[in-house]
Amino acid sequence: MCKHVLNAQVAIRSPCCKKWFDCAECHAEQESGHELLKALEMTFACKKCKKCFRKDAREFEEADEYCPHCDNHFVLEALVPKAALTVEAEDARVDSRMLRDDRVNPGVAGRKGARPTVFDPDFEADKLG
Ligand SMILES: [Zn+2]
Ligand SMILES: [Zn+2]
Ligand SMILES: [Zn+2]
């Protein structure tokens, strides 16, 4: 179960190690030895109907946000867990152990509103160097 995108509707098959992940961050945590290979065509598995399909990120249109098999709308605003530090508690400075939770999901605060999705607009930019 993915802890980064709580409402993940699809699993993504990584082009590099051919394993299924809910999001790029899961890959980063489980495959610390290498970076997630970015491919323009990705394989997905719908979590609702359990069927696989491929999508080309270069030609991604609104209609492509739906599973071709069951019309499950899988492109959602990612529901990310609230940062640990927003948990109601006594002053975090009093108990420094609380601050350690920050490393569990570094960068969440920094990409507020960003969708942790493989359809990163940087895909193209990366390819072009
Ligand atoms: Zn990999
Ligand atoms: Zn994840
Ligand atoms: Zn489906």
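**Exercise 1. Which residue of β4 does M42 stand opposite? Place the pair in its hairpin.**

Step 1. The model is a predicted one, and in it M42 stands opposite K55 in β4.

Step 2. The strands concerned, β3 and β4, pair in the antiparallel sense over five bridges, and they form a hairpin with five residues between them.

Step 3. Within that turn K50 has a positive phi of about 65°, a value to be read against the background that most residues other than glycine have a negative phi.

Step 4. K50 is exposed, because it has 10 other C-beta atoms within 10 Å, where the cut-off for an exposed residue is 12 or fewer.

Step 5. Across the chain, K50 and A11 are 39 residues apart in sequence, yet their C-alpha atoms are 9.5 Å apart in space.

**Exercise 2. Work out the order of the strands in the sheet, and state which of them stand at the edges.**

Step 1. Begin with β1 (residues 10-13), which is joined to β2 by two bridges, the two strands running antiparallel; in this pairing the bridge partner of I12 is F21 in β2.

Step 2. Continue with β1 and β3, which pair in the antiparallel sense over four bridges, and here I12 stands opposite F44 in β3.

Step 3. Add the pairing of β3 with β4, also antiparallel, over five bridges.

Step 4. The result is an open sheet of four strands in the order β2-β1-β3-β4. β2 (20-21) and β4 (52-56) stand at the edges with a single partner strand each, so one side of each is left without a neighbour in the sheet.

Step 5. Set this beside the order along the chain, where the elements run β-β-α-β-β-α from the N terminus on, giving two helices and four strands.

**Exercise 3. Describe the hairpin of β1 and β2, and say whether K18 is buried or exposed.**

Step 1. The hairpin of β1 and β2 has six residues between the strands, and K18 lies in this loop.

Step 2. Phi of K18 is near 55°, which is a positive value in a residue other than glycine.

Step 3. K18 is exposed, because it has 8 other C-beta atoms within 10 Å.

**Exercise 4. Determine which face of β3 is buried, and relate that strand to the largest nonpolar core.**

Step 1. In a regular strand the side chains alternate between the two faces of the sheet. Along β3, M42, F44 and C46 point to one face and are buried, whereas E41, T43 and A45 point to the other and are not.

Step 2. The largest nonpolar core has 14 residues, and those with the most contacts inside it are V10, A11, I12, F21, C23, F44 and C46. The elements that give two or more residues to this core are β1 and β3.

Step 3. Take F21 as an example from β2: leaving aside residues up to four places away in sequence, F21 touches A11, I12, S14, C26 and H27.

Step 4. For the chain as a whole, buried residues make up 16% of the 129 residues. Of the contacts with a separation of 6 or more, 44% are between residues 24 or more positions apart.

**Exercise 5. State where confidence in the model is highest and where it is lowest.**

Step 1. The mean pLDDT of the chain is 76, and 61% of its residues reach 70 or more.

Step 2. Confidence is highest in β2, at 94, and lowest in helix α2 (residues 122-128), at a mean of 61.

Step 3. Where pLDDT is low, the predicted coordinates should not be read in detail.

Note on methods: Residues numbered from 1 in each chain as written. Chains lettered and ligands numbered in written order. Predicted model: local features only at pLDDT ≥ 70, side-chain atom pairs only at ≥ 80, totals over all residues. Pairing = 2+ DSSP bridges. Buried ≥ 20, exposed ≤ 12 C-beta atoms within 10 Å, placed from the backbone. Core = buried A, V, L, I, M, F, W, Y, C linked by C-beta atoms within 7 Å. Contact = placed C-beta atoms within 7 Å. pLDDT = per-residue confidence, 0-100.
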